[in-house]
Amino acid sequence: MHKEKKLLNKTLIYILLTVLAIVSFIPFYMMIINATRETKDIIMGFTFIPGTELVENYKNMMSYVNIWAGFKNSLIVSVTVTILSGYFSALTAFGFAVYNFKGKNPLFIFMLLMMMVPGQLGLIGFYELNKALGFLDTFIPLIVPAIASPFVVFFLKQYLSSTLHPSLLEAARIDGAGELKIFHTIALPIMMPAVATMSIFTFIGSWNNYILPLVVIFSPEKYTLPVLMGFLKGSQVAQNLGSLYLGIAISVVPIMIAFLFFSKYIITSISAGSVKG
């Protein structure tokens with residue numbers, strides 16, 4: 001009787017998860033289907049059958065914006081920001097979690113306060129600073145400031161404080177390992193699940209960043225995908241809903257791939273850690 005009840009509960013859970021997965025997938029499926037249809041067909045209502053206007057919608061979209069150039073620019077910026085932010089945030093978190101130095105607590109509190117300040121407040125000053133440094137119309141303003149992420153540092157510091165045992169550091173130092181080697185061989189592998197988790201949000205945030213590229217980038221060939229999508233929505237191509245849906249679908253794909261990749265990595269890391277433990 002107990003086994004039957006347990007099997008029934010498990011079956012209900014799987015059914016519920018399947019329904020939720022289908023409900024979550026439907027908007028993406030609608031977006032992909034509409035990318036293959038004409039505007040008049042889209043207005044008339046939704047169908048599960050793909051249309052035949054995919055090539056025409058693509059040509060219409062490309063006649064206004066070079067979406068693949070924006071795709072490449074966004075990919076360069078987002079991947080670079082994700083890698084550098086993950087590494088240097090982990091290094092900073094390691095310093096806060098492991099070492100005691102003068103001004104550590106005030107510096108950490110200041111970093112927490114920076115989390116509460118909206119980035120838009122300093123946009124004018126940020127623009128003037130980059131103008132003075134000669135960094136306007138380059139990817140530098142989009143990459144370098146994003147490396148210093150207070151929230152990522154805070155999250156990784158709290159994670160490391162609860163998982164890294166001081167005896168591991170002492171044993172490594174006794175064996176003659178340097179501090180950077182300890183970070184790379186002990187602390188960083190322990191933090192990898194947390195780094196992967198933060199990488200999802202970092203990549204998505206950088207990929208969807210619209211205001212900053214719009215302010216600091218002037219050359220059309222350097223525009224990121226969100227900026228190009230903004231122009232797409234404001235141009236005549238917006239009258240062709242199929243082309244608009246196609247552009248949105250192309251812009252969403254990397255986010256879905258990044259989420260799937262990092263989610264799998266998180267699960268693998270946690271499972272490996274539990275086996276080793």
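1. A residue is called buried here when its relative accessible area is under 20%. Val216 has a relative accessible area of 0%, so Val216 is buried. The model is predicted, and every value in this note is computed from it.

2. Val216 belongs to helix α11, which covers residues 211-216. Leaving aside residues up to four places away in sequence, Val216 touches Phe126, Leu136, Asp137, Pro141 and Leu142. Take the pair with Pro141. The two residues are 75 apart in sequence, yet their C-alpha atoms are 7.4 Å apart in space.

3. Asp137, one of the residues that Val216 touches, deserves a look of its own. Asp137 sits in the loop between α6 (123-133) and α7 (140-147). Its phi is positive, at about 65°, although Asp137 is not a glycine. Most residues other than glycine have a negative phi. Is Asp137 buried or exposed? The relative accessible area of Asp137 is 16%, and the cut-off for buried is under 20%, so Asp137 counts as buried.

4. Thr36 is another loop residue to check. Thr36 is placed between α1 (2-34) and α2 (39-44). Thr36 has 10% relative accessibility, so Thr36 too falls under the 20% cut-off and counts as buried. The Thr36 side chain reaches the backbone nitrogen of Gly51 at 2.8 Å. Beyond residues up to four places away in sequence, Thr36 touches Pro50, Gly51, Thr52, Glu53, Leu54 and Asn57. Gly51 therefore appears both in the 2.8 Å pair and in the contact list.

5. Now the whole chain. Its secondary structure comes to 13 helices and zero strands. The radius of gyration is 24 Å, well over the 19 Å that the globule rule gives for 277 residues, so the chain is more spread out than a compact globule. Along the principal axes, the C-alpha trace spans about 75 × 70 × 30 Å.

6. How much of the chain is buried? Buried residues make up 35% of the 277 residues. Among contacts with a separation of 6 or more, 73% are between residues 24 or more positions apart.

7. Last, surface and charge. The accessible surface of the protein chain comes to about 16,800 Å². Carbon and sulfur atoms account for 71% of that surface. The chain has 18 positive and 11 negative charges, and the mean positions of these two groups are 10 Å apart.

Methods. Residues are numbered from 1 along each chain as its sequence is written. This is a predicted model: local features need pLDDT of at least 70, side-chain atom pairs count only at pLDDT 80 or more; totals for chains, interfaces and linings use all residues. Side-chain values use heavy atoms; hydrogens and water are left out. Helices (H or I, at least four residues) and strands (E, at least two) are DSSP runs, numbered from the N terminus. Buried means under 20% relative accessible area, exposed over 50%, partly exposed in between (1.4 Å probe, protein chains only). A polar contact is a pair of N or O atoms within 3.5 Å; within protein, one must be able to donate a hydrogen and the other to accept it, and residues adjacent in sequence count only if both atoms are side-chain atoms. Contact means heavy atoms within 4.5 Å. The radius of gyration is taken over C-alpha atoms; the globule rule is 2.2 Å times the number of residues to the power 0.38. Accessible areas come from the Shrake-Rupley method with a 1.4 Å probe; for residues, only the protein chains shown count as cover. Lys and Arg count as positive and Asp and Glu as negative; His and the chain ends are not counted. The place of a charge is taken as NZ of Lys, CZ of Arg, CG of Asp or CD of Glu.
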